[in-house]
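Me: I've just opened this one and want to look at the empty spaces in it. Can you walk me through them?

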Amino acid sequence: MSGPGREPLRIGVLGAARITERSLVDPARATGHRLVAVAARDRSRAEAFAAAHGVEQVADSYADLIADPEVEAVYNPLANGLHGPWNLAALAAGKHVLTEKPSASNAEEAAEVRKAAAKAGTVFMEGFHYLFHPVTRRLHELLRSGELGELRRVETLVAIPAPDDCDPRWSLPLAGGAVMDLGCYSLHAVRMLAPWAGGAPRLVSARGGERAGAPGVDEWLDAELEYPDGATASARCHMAYDELEMSCRIVGTRGEASAPNFVLPHLDDRIVVRTAEGERTERLGTRSSYAYQLEAFADRVRDGAAVPLDADDAVATMALIDECYRAAGFEARPRITAGG
């Protein structure tokens, strides 16, 4: 919540993306933060978005929104290829930034965003919202407490039915692909278990399949990784799957825990724990992970509270994504120049 005596964030929204209602509009309404402006390439879309969701004003362009002194924080849910350029532009204007993942098209661009964030001295956070939900926090606690013993294996799968062929997620120039849209969650979840595995995992192998009619764009990719202490992990993604599945399974020397939907826990908040004592199901609550994320972002901006997501983390994730692409026979995603 914005809290008594604490000023709400004044947020500007780039684009009129469908995800924004779930990822920002509803959480802002629930937590008391203001949506002060929105801009889209088509002004009529921005006007319709503002009218539907109570945004205070419409800017003529992304650049005008970023330049608006009333906007203190920018939310960037644009197509993947536009994350880097507009994150750079927002940071250069001295704004705080909450960006959809991944933060850039490739590791080189992500490093430039990190440099810009350091120069600006503002808050930069990549939207791995799952990390703030009690489901993921509980998975980590089960390792921290020792109930599962020492970590030996992690298995993540993030998969959805295929978007339409014209969807920007199938566009190479817009930095599309299964890893960019889905596999980033799988890889990030594996990376976040480093404290219980002797350090960051290294990529062992990756294989993937190209989308028919979309040269250079991955429809699916499977990666195998290994931690310094010998534990192993699989990070899988598929953007033309039979059904939605976003699961995480953690196996230790004393037991295992599984979350059927760690990415969107408001749809399924279960964790199933199996040890020598038996099996139990824990329910961690269906409050939106995006609401937890916005609270954490606001706490960081207003109070300097620590968050596990920053520009360094974004670079590390993007470097691993690039490495997976190359190991599977793809090129790292190209970068583009901002416009709009």
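Me: What's the split of nonpolar, polar and charged residues in the lining of the largest pocket?
Reply: That lining has 20 nonpolar, five polar and nine charged residues. Here Ala, Val, Leu, Ile, Met, Phe, Trp, Tyr, Cys and Pro count as nonpolar, Asp, Glu, Lys and Arg as charged, and the others, Gly among them, as polar. Keep in mind that this is a predicted model, where local features need pLDDT of at least 70, side-chain atom pairs count only at pLDDT 80 or more, and totals for chains, interfaces and linings use all residues. Residues are numbered from 1 along each chain as its sequence is written, and side-chain values use heavy atoms, with hydrogens and water left out.

Me: Which residues lie nearest the centre of the largest pocket?
Reply: Ala 17, Arg 18, Ile 19, Pro 77 and Arg 169, out of 34 lining residues. A pocket is an open set of points on a 1 Å grid over the protein atoms alone, with protein on both sides within 12 Å along at least five of seven lines, and lining residues have an atom within 4 Å of a point. Helix 1 (19-31) and helix 7 (178-191) are the elements giving two or more residues to this lining, and helix 7 gives the most, with three. Helices are DSSP runs (H or I, at least four residues) and strands are too (E, at least two), numbered from the N terminus.

Me: How much space lies in it?
Reply: About 1,000 Å³. A volume is the space filled by probe spheres set on the grid points, which are joined across faces, edges and corners.

Me: OK, what about the second largest pocket, what volume does it have?
Reply: About 220 Å³. Its lining has 13 residues, and Thr 122, Phe 124, Arg 300, Asp 310 and Ala 311 lie nearest the centre.

Me: Which helix supplies the largest share of that lining?
Reply: Helix 5, with three residues. Helix 5 (107-120) and helix 9 (311-327) each supply at least two. By type, the lining divides into eight nonpolar, one polar and four charged residues.

Me: Switching topic: how many cavities of 30 Å³ or more does a search of the whole structure find?
Reply: One, with a volume of about 60 Å³. A cavity is a set of grid points where a 1.4 Å probe fits but cannot get out.

Me: Which elements give two or more residues to its lining?
Reply: Helix 6 (134-144) and strand 10 (245-252). Helix 6 gives the most, with three residues. The lining residues include Tyr 130, His 140, Met 192, Cys 248 and Phe 262, and the whole lining divides into eight nonpolar, two polar and no charged residues.
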